[in-house]
Amino acid sequence: MAHEHVSDASCPADHSAVSIRLLQQPSEISAAFPVMQQLRPHIQTVEQFMSILELMSPPAGLYMLYGAFMPTAKVEALGLPVQSGEPSQAGQGSSQQQGILGITPVAGEVCVGVLGCKLEANLHRGKHMYINDLAVLEPLRSRGIGAQLLAFAEDLARERLRGGWVVLDSGLQREGAHRFYKAHGYDMPGYVFHKQVGRT
């Protein structure tokens with residue numbers, strides 16, 4: 001499944017502006033792990049997270065991971081505990097240090113949302129952007145951060161593809177996410193089927 005953990009509020013009363021950028025440095029990717037782990041709880045450690053990303057990202061794959069960052073002082077003012085120091089590099093951290101509560105700053109900012117996507121083409125839709133992951137740190141949902149990430153993905157598709165589609169899938173139980181996407185103009189034309197045929 002694609003993304004899920006976003007707010008179902010289309011017009012949040014408390015709009016929190018963030019800066020969104022491509023994550024390339026290990027420290028930035030590590031800082032995104034607490035957000036991604038809320039969406040992908042089966043990924044237990046930052047080392048596992050980094051190893052999977054190596055398989056998905058260029059040159060091995062086409063996946064791009066973006067982070068939404070907010071100043072540390074603003075995050076602390078909202079009542080979230082922020083650890084001192086920089087996040088651990090891959091191979092140095094632990095699941096306890098980098099878990100859901102392990103929010104650590106990077107250059108005075110905290111990663112509060114993630115967007116994972118890739119540019120694709122197929123016979124059905126032609127060129128399009130597929131959103132694999134879209135998540136916002138749980139205490140900061142309903143503040144417009146998910147909407148900013150989604151708008152960023154759409155702008156990126158317009159720039160890179162000169163049009164086309166933005167495509168994603170969502171679990172049947174994610175009714176809040178469905179309301180969110182419908183409020184932003186997304187249709188739900190069908191179902192996604194999958195079957196496990198072996199273990200890797």
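## A walk through a predicted fold

The side chains of Glu28 and Arg21 come together in a salt bridge, with 2.9 Å between N and O. That is a good place to begin our walk, and please keep in mind that the model is a predicted one. How exposed or buried are these two partners? Glu28 has a relative accessible area of 12%, so this residue counts as buried. Arg21, at 25% relative accessibility, is partly exposed.

Arg21 has another neighbour worth finding. Its charged end sits over the ring of Phe69, 3.9 Å from the centre of that ring. If you turn the structure until you see Arg21, you can look for both the carboxyl group of Glu28 and the ring of Phe69.

Now let us step back to the whole chain. It has 200 residues, and 47% of them count as buried. Its secondary structure comes to 5 helices and 5 strands. Starting from the N terminus, the order of the elements is β-α-α-β-α-β-β-α-β-α, which you can trace with a finger along the model. Contacts also reach across the sequence: among those between residues at least 6 apart, 71% join residues at least 24 apart. On the outside, the chain exposes about 10,800 Å², and carbon and sulfur atoms supply 54% of that area.

What lies inside? In soluble globular proteins, nonpolar side chains tend to be buried together. Here, the largest nonpolar core has 51 residues, and those with the most contacts inside it are Phe49, Leu65, Val112, Val114, Leu115 and Ile145. Helices and strands both take part: the elements giving two or more residues to this core are the helices α1 (26-39), α2 (46-56), α4 (145-161) and α5 (175-183), together with the strands β2 (64-71), β3 (109-122) and β4 (126-136).

Val112 makes a nice example to zoom in on. Leaving aside residues up to four places away in sequence, which residues does Val112 touch? The list is Val18, Val35, Ala68, Met70, Val75, Ala135, Val136, Leu137, Leu140 and Ile145. Ile145 appears here as a contact of Val112, and it is also among the residues with the most contacts inside the core.

Let us return to charged side chains. The structure holds 5 salt bridges, including the one between Glu28 and Arg21. Another joins Glu120 and Lys118, at 3.4 Å from N to O. Both of these residues are partly exposed, because Glu120 has a relative accessibility of 27% and Lys118 one of 25%. Arg158 and Asp155 form a salt bridge too, with their closest N and O atoms 2.7 Å apart. Why is this pair easy to place on helix α4? Arg158 and Asp155 are 3 residues apart in that helix, so about one helical turn separates them. Asp155 is partly exposed, at 46% relative accessible area. Finally, salt bridges with shared partners join Arg21, Glu28 and Glu109 into one network, so our opening pair belongs to a group of charged residues.

Aromatic rings bring the walk to its last stop. The structure holds 4 aromatic pairs. One of them is Tyr181 with Tyr186, an edge-to-face pair with 5.9 Å from centre to centre and 70 degrees between the planes. Both rings belong to buried residues, since Tyr181 is at 4% relative accessibility and Tyr186 at 14%. Ring pairs also link Phe180, Tyr181 and Tyr186 into a cluster.

How values were computed. Residues are numbered from 1 along each chain as its sequence is written. This is a predicted model: local features need pLDDT of at least 70, side-chain atom pairs count only at pLDDT 80 or more; totals for chains, interfaces and linings use all residues. Side-chain values use heavy atoms; hydrogens and water are left out. A nonpolar core is a set of buried Ala, Val, Leu, Ile, Met, Phe, Trp, Tyr and Cys residues joined through side-chain atoms within 4.5 Å. Buried means under 20% relative accessible area, exposed over 50%, partly exposed in between (1.4 Å probe, protein chains only). Helices (H or I, at least four residues) and strands (E, at least two) are DSSP runs, numbered from the N terminus. Contact means heavy atoms within 4.5 Å. A salt bridge is a side-chain nitrogen of Lys or Arg within 4 Å of a carboxyl oxygen of Asp or Glu. Rings of Phe, Tyr and Trp (its six-membered ring) pair if their centres lie within 6.5 Å; planes under 30 degrees apart count as stacked, over 60 as edge-to-face and the rest as tilted. A charge sits over a ring if NZ of Lys or CZ of Arg is within 6 Å of the ring centre and within 35 degrees of the ring normal. Accessible areas come from the Shrake-Rupley method with a 1.4 Å probe; for residues, only the protein chains shown count as cover.
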